[in-house]
Each structure stands twice: as structure tokens, then as C-alpha cells.
Amino acid sequence: MPQPDPTQVVKVPSTTAILTQKRRQRRLTPNATMRRYLAAFRTPRGVAGVSIVILLVALALLAPVLFPGGYDRQSGDSLQGPSFAHLFGTDELGRDILVRTIYGLRMDLSIIAVAVPISMVFGTALGLVGALSKFAGSFVQRVLDIILGFPGVVLGVCIVLIMGPGWLALVVAISVSGLPLFGRQARAALLEQMQREYVTAARTLGVNKRMILTRHILPNAVDPILVNGAIFVVVAIFIEAGLSIIGLGIQPPEPSLGSLLNVGIRFIEQAPMYIIGPTIVLILLSMSFSLISDAMNETVTRK
């Protein structure tokens with residue numbers, strides 16, 4: 001067996017070299033991340049999910065143009081079955097159920113578009129507090145554990161009873177419900193990244209905690225947070241539907257998918273489409289984001 005040459009000098013990378021190498025890799029991260037997600041959206045699941053989302057969002061945005069009469073336009077034809085004039089039939093006041101379903105979808109998407117990003121940002125920030133203060137990080141995790149002990153709908157009921165039913169209460173309920181999901185994910189990423197060589201090198205060089213957090217740890221937590229964000233959209237959809245079904249969500253005459261189900265169940269024998277129509281849209285909306293989250297997760301795990 002050949003013996004090592006005692007005169008040969010083994011070069012060990014310095015902390016500066018490790019940190020510099022990591023910084024060079026990180027400069028490519030945004031483009032690499034974008035390419036990965038674009039690749040995810042080209043998969044069969046990604047294409048299907050994005051196509052359904054685009055279709056539903058387009059219908060919601062164009063609702064005032066497609067249905068200029070609005071969602072509360074009444075007629076004398078109450079509880080009519082499906083027809084060319086009313087594809088989903090009419091409700092107890094003669095209003096077009098399809099029109100109210102599209103406007104209900106518009107309401108649900110507006111809630112999701114506000115509540116989910118708020119939950120992602122604040123939940124991630126709370127999870128990363130441990131990088132600045134160990135005591136604060138432990139305290140935040142105990143608070144998140146308490147929130148996690150309440151099912152989403154039960155927590156939403158408590159919040160709505162305090163604030164009163166409506167759009168704002170639903171946004172707050174969904175935002176608070178998602179804090180543990182993103183906070184625990186960010187905490188796990190924090191604990192994992194703190195053991196990496198480049199973080200140790202940065203700390204050895206005297207880089208402050210905030211710089212380490214924003215330049216080293218947070219970029220590496222983006223992938224799981226985005227995947228969880230797509231998953232939480234599905235949870236948010238059913239939280240809104242659950243609260244509205246029991247009468248604690250959007251109040252009449254404004255429609256939402258859940259409130260339509262709440263009223264429609266009373267007339268299920270006379271007008272089955274009162275339930276079937278909003279349910280189909282609800283399933284399509286949740287299925288589309290489930291497909292997107294699956295495609296993103298598959299791409300991230302292969303990186």
C-alpha cells in the first residue's frame with residue numbers, strides 16, 4: 001500500500017473560503033429555484049393544477065363582466081332546475097346559482113390571497129426568532145404548540161365569536177391557524193442550517209446573527225415554506241367552507257362557497273344543484289392546489 005508523502009501539504013479550506021464558496025452558490029439560488037418550479041409546473045400534475053387555477057381565477061376576476069347583473073339579482077323563478085338560462089338552476093329567491101357560485105369563488109379567492117401570505121410571513125418570522133434569541137424561540141414554539149392544539153375550524157369559531165362573522169374574521173382565523181405550520185417548518189430549517197459548515201464559518205468570522213439569518217438560513221428555508229404554502233391553501237379553503245356552513249362566515253346576501261352550501265342544504269330535495277354546483281367548484285379549487293403542491297414537493301425533493 002502506498003504511503004502518504006510526509007512532505008506533501010494538505011490544504012484545508014479556511015472559514016473564509018467556505019463562506020465565500022457558499023456565497024457564490026447562493027447567488028445562483030434564485031435562478032435555480034425559479035427553474036425548479038418552472039419544471040414542476042411542466043409536469044402533468046403541475047400543468048393540470050395550474051390550468052384549473054388559471055381558469056377559476058379568470059372566472060372570478062371576470063365575474064362582473066360576465067354577469068353584470070350581480071349576484072343578488074332576483075326573479076320569480078325560484079328553485080328551478082338546471083336549464084340553458086340557469087345552468088345550476090335558481091335558489092329560493094330566484095337568483096342564478098351559477099352566478100352566485102362564481103361570485104362565491106371570487107370571495108373565497110380574495111380571502112385566501114390575503115390570509116395565506118400573511119400566515120406564511122408571520123409564521124416564518126416567528127419560527128426564525130430562535131436564531132436571534134434562544135429564550136424567545138422557545139417561548140414562541142410553546143405559543144405555536146397551543147395554537148396547534150386547536151383544530152382549524154374550532155380556532156376559527158373562537159376568533160369569529162370574538163370579532164363577529166365576516167371577511168376580516170375569516171382572514172384572521174385562517175392566518176392564525178397557519179402560524180404553527182410555517183413556524184415549525186421554519187424552526188426545523190433553522191436548527192438544520194445552524195449545524196452547517198458555512199453557518200459555523202460565518203459565526204467564526206464574527207458575522208452577526210441577523211446577517212446569518214437573512215443571508216444563509218432563510219434562503220435555504222424557502223423551498224419547504226412554499227410547498228407548505230400550497231398545501232395550506234387547501235386547508236384555508238375548508239376552514240372558510242366549514243365556518244360558513246355553520247353560519248359564522250360570509251353573511252347573506254354576499255355569497256361564498258361555504259355560505260351557499262349552508263343555505264342550499266335546506267333545499268337539497270327541491271334543487272340538488274344548489275349543493276352540487278358549489279361543491280364541484282370547491283373540489284376543483286382544492287384539487288388544483290393539491291396537484292400544485294404535489295408537483296412542487298416532487299421537484300424540491302429531487303434537487
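In the predicted model, D72 is partly exposed, with a relative accessibility of 33%. This residue forms a salt bridge with R95, in which the closest N and O atoms are 2.7 Å apart. Both partners are placed in the loop between α4 and α5, yet the pair links distant parts of the chain, with the two positions 23 residues apart. In contrast to the partly exposed D72, R95 is buried, its relative accessible area being 6%.

The salt bridge between D72 and R95 belongs to a wider arrangement. A total of 7 salt bridges is found in the structure. In general, side chains of opposite charge can pair when their charged atoms come close. A further example is provided by R100 and D91, whose side chains meet at an N to O distance of 3.9 Å. This pair counts as a salt bridge because the cut-off is 4 Å between a side-chain nitrogen of Lys or Arg and a carboxyl oxygen of Asp or Glu. R100 is buried at 5% relative accessibility, and D91 is likewise buried, at 0%. A salt bridge is also formed by R142 and D145, with the closest N and O atoms 3.1 Å apart. These two residues both lie in helix α6, which spans residues 134-148, and their spacing of 3 residues corresponds to about one turn of the helix. D145 is partly exposed, with a relative accessible area of 28%. Elsewhere, salt bridges with shared partners connect D72, D91, E92, R95 and R100 into one network.

Within this network, the surroundings of D91 were examined further. D91 is located in the loop between α4 and α5. A polar atom of the D91 side chain lies 3.0 Å from the backbone nitrogen of G94. When residues up to four places away in sequence are set aside, D91 touches S78, L79, I97, R100 and Y274. The listed neighbours thus include R100, the salt-bridge partner of D91 described above.

Another of these neighbours, L79, shows an unusual backbone geometry. Most residues other than glycine have a negative phi, and most peptide bonds are trans. L79 is not a glycine, but its phi is positive, at about 55°. The residue is found in the loop between α4 (63-66) and α5 (97-127), and with 23% relative accessibility it counts as partly exposed. A second backbone feature occurs at P252 and P253, which are joined by a cis peptide bond with an omega of about 10°. P253 is situated in the loop between α10 and α11, the latter comprising residues 257-264.

Aromatic contacts were also identified, and a search of the whole structure yields 3 aromatic pairs. In one of them, the ring centres of F182 and F232 are 5.7 Å apart and the ring planes stand at 80°, so the pair is edge-to-face. The two residues are 50 positions apart and link distant parts of the chain, F182 belonging to helix α8 (residues 167-193) and F232 to helix α10 (residues 209-245). F182 is buried, with a relative accessible area of 0%, and F232 is buried as well, with a value of 3%.

On the surface, V114, I118, V121, F122, I162, M163, W167 and L168 make up a nonpolar patch of about 780 Å². Two or more residues each are given to this patch by α5, α7 (152-163) and α8. The contribution of α5 is the greatest, at 4 residues. F122, a member of the patch, is placed in helix α5 and is exposed, with a relative accessible area of 52%.

These features are set in a helical chain. The protein chain contains 12 helices and 0 strands. Of its 303 residues, 44% are buried. Among the contacts with a separation of 6 or more, 72% are accounted for by residues 24 or more positions apart. The accessible surface of the protein chain amounts to about 16300 Å², and 66% of this area belongs to carbon and sulfur atoms.

Conventions
Residues numbered from 1 in each chain as written. Predicted model: local features only at pLDDT ≥ 70, side-chain atom pairs only at ≥ 80, totals over all residues. Heavy atoms only, no water. Phe/Tyr/Trp six-rings, centres within 6.5 Å; stacked < 30°, edge-to-face > 60°. Buried < 20%, exposed > 50% of the residue type's maximum accessible area, 1.4 Å probe, protein only. Polar contact = N/O pair within 3.5 Å; in protein donor to acceptor, adjacent residues only side chain to side chain. Contact = heavy atoms within 4.5 Å. Patch = residues over 30% accessible without salt bridge, like charges linked within 9 Å, V, L, I, M, F, W, Y side chains within 5 Å. Areas by Shrake-Rupley, 256 points an atom, 1.4 Å probe, with all protein chains shown as cover.
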